[in-house]
Amino acid sequence: MGFGFFYDMPIGQIFIAEDGIGINKVTLAGDINEEDLKKYTMEETKLIKETAGQLREYFEGIRKEFTISLNPQGSSFQKKVWEALLQIPYGETRSYKEIAQIIGNKKAARAVGMANHNNPIMCIIPCHRVIGSDGSLIGYRGGIEIKVKLLQLEKSERK
């Protein structure tokens, strides 16, 4: 059981949740179902409110790094991929193949793609910064349109 709260953001309504250890979910409201919502008490905790504030600063182009505690739930492989994603600098991209190499499994590009798809903490764990080897903007759980918006935001605000 944890706590969660909905916020309106420039990319749409999002749901932010925490489990007492750290943020474990940031997702578009449309990507969370009623059954998942039952796992959360709807309450704006201090950590959730801080996360929402940092996300607003990110969308305003003020914040380039997040400084909140994270506790994403997933397999050890997924967590390894998500850790690698956290190392991609603001305004830069990496390919699925590059992430596979970074985690020490150069043949795991497809598995990296699945871990990316299952990233429970959008924007903060920057899966939007992962692109195809040919530079194509493939695969984003929130839709390619949002991926493009996030990459354009970071490109335009990069200094």
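Let's start with the active site. UniProt, in an unreviewed entry, lists Cys127 for "active site". Keep in mind that this is a predicted model. Where does Cys127 sit? Its place is in the loop between α5 and β6. Is Cys127 buried or exposed? Its relative accessibility is 6%, and the cut-off for buried is under 20%, so Cys127 counts as buried.

What does Cys127 touch? Leave aside the neighbours within four places in sequence. Then Cys127 is in contact with Leu85, Asn116, Asn119, Tyr140 and Lys147. Hold on to Leu85, one of those contacts. We'll meet that residue again.

Next, helix α3. This helix covers residues 76–86. Which of its residues are buried? They are Gln78, Val81, Trp82, Ala84 and Leu85. These residues cover an arc of only 155° around the axis, so they lie on the same side of α3. Here is the general idea behind that. An α-helix has 3.6 residues a turn, so residues three or four places apart point the same way.

And what do the buried residues of α3 pack against? There are three elements: α4, residues 96–102; α5, residues 109–117; and β6, residues 130–131.

Now the core. How many residues are in the largest nonpolar core? It has 39. Some residues have the most contacts inside this core: Ile11, Ile14, Ile16, Val26, Leu55, Phe59 and Leu85. So there is Leu85 again, on the list for the core and on the list of contacts for Cys127. Which elements give two or more residues to the core? On the strand side, they are β1, β2 and β3. On the helix side, they are α2, α3, α4, α5 and α6. Here α2 is residues 46–59, and α6 is residues 144–157. The most comes from α2, with 5 residues.

Let's turn to the strands. Begin with β2, residues 12–18. This strand is mostly covered, with 5 of its 7 residues buried. On one hand, β2 pairs with β1, residues 2–9. That pairing is antiparallel, over 7 bridges. For example, Phe3 has Glu18 of β2 as its bridge partner. The two strands form a hairpin, with 2 residues between them.

On the other hand, β2 is joined to β3, residues 23–28. These strands also run antiparallel, and 5 bridges join them. Here, Ile14 has Leu28 of β3 as its bridge partner. This hairpin has 4 residues between the strands. Look at Gly20 there: its phi is positive, near 95°.

Back to β1 for a moment. It also pairs with β4, residues 40–42. How do these two run, parallel or antiparallel? They run parallel, over 3 bridges. The bridge partner of Gly2 in β4 is Tyr40.

One residue of β3 deserves a stop: Asn24. Asn24 is buried, with a relative accessible area of 11%. Again leaving out neighbours within four places in sequence, Asn24 is in contact with Ala17, Glu18, Asp19, Tyr40, Asn71, Pro120 and Ile121. You have just heard of Glu18 as the partner of Phe3, and of Tyr40 as the partner of Gly2. What about Arg129? In sequence, Asn24 and Arg129 are 105 residues apart. In space, they are 20 Å apart, C-alpha to C-alpha.

Now the aromatic rings. A pair of aromatic rings is described by the distance of the centres and the angle of the planes. How many aromatic pairs are there here? The count is 6. Take Tyr58 and Phe59. Their ring centres are 5.3 Å apart, with 70° between the planes, and the pair is edge-to-face. Both Tyr58 and Phe59 are buried. Compare Tyr58 with Phe66. Those centres are 5.6 Å apart and the planes are at 45°, so this pair is tilted. Tyr58 and Phe66 are both buried. Put Tyr58, Phe59, Phe66 and Tyr90 together, and you have one aromatic cluster.

Last item, another annotation. UniProt, again in an unreviewed entry, gives "domain: Methylguanine DNA methyltransferase ribonuclease-like" for residues 6–71. That span is 27% helix and 30% strand. Its end C-alpha atoms lie 19 Å apart.

Definitions and conventions. Residues numbered from 1 in each chain as written. Predicted model: local features only at pLDDT ≥ 70, side-chain atom pairs only at ≥ 80, totals over all residues. Heavy atoms only, no water. Buried < 20%, exposed > 50% of the residue type's maximum accessible area, 1.4 Å probe, protein only. Arc of directions from axis to C-beta. Contact = heavy atoms within 4.5 Å. UniProt positions renumbered as here; feature names shortened; annotations may be inferred. Pairing = 2+ DSSP bridges. Phe/Tyr/Trp six-rings, centres within 6.5 Å; stacked < 30°, edge-to-face > 60°. Core = buried A, V, L, I, M, F, W, Y, C linked by side-chain atoms within 4.5 Å.
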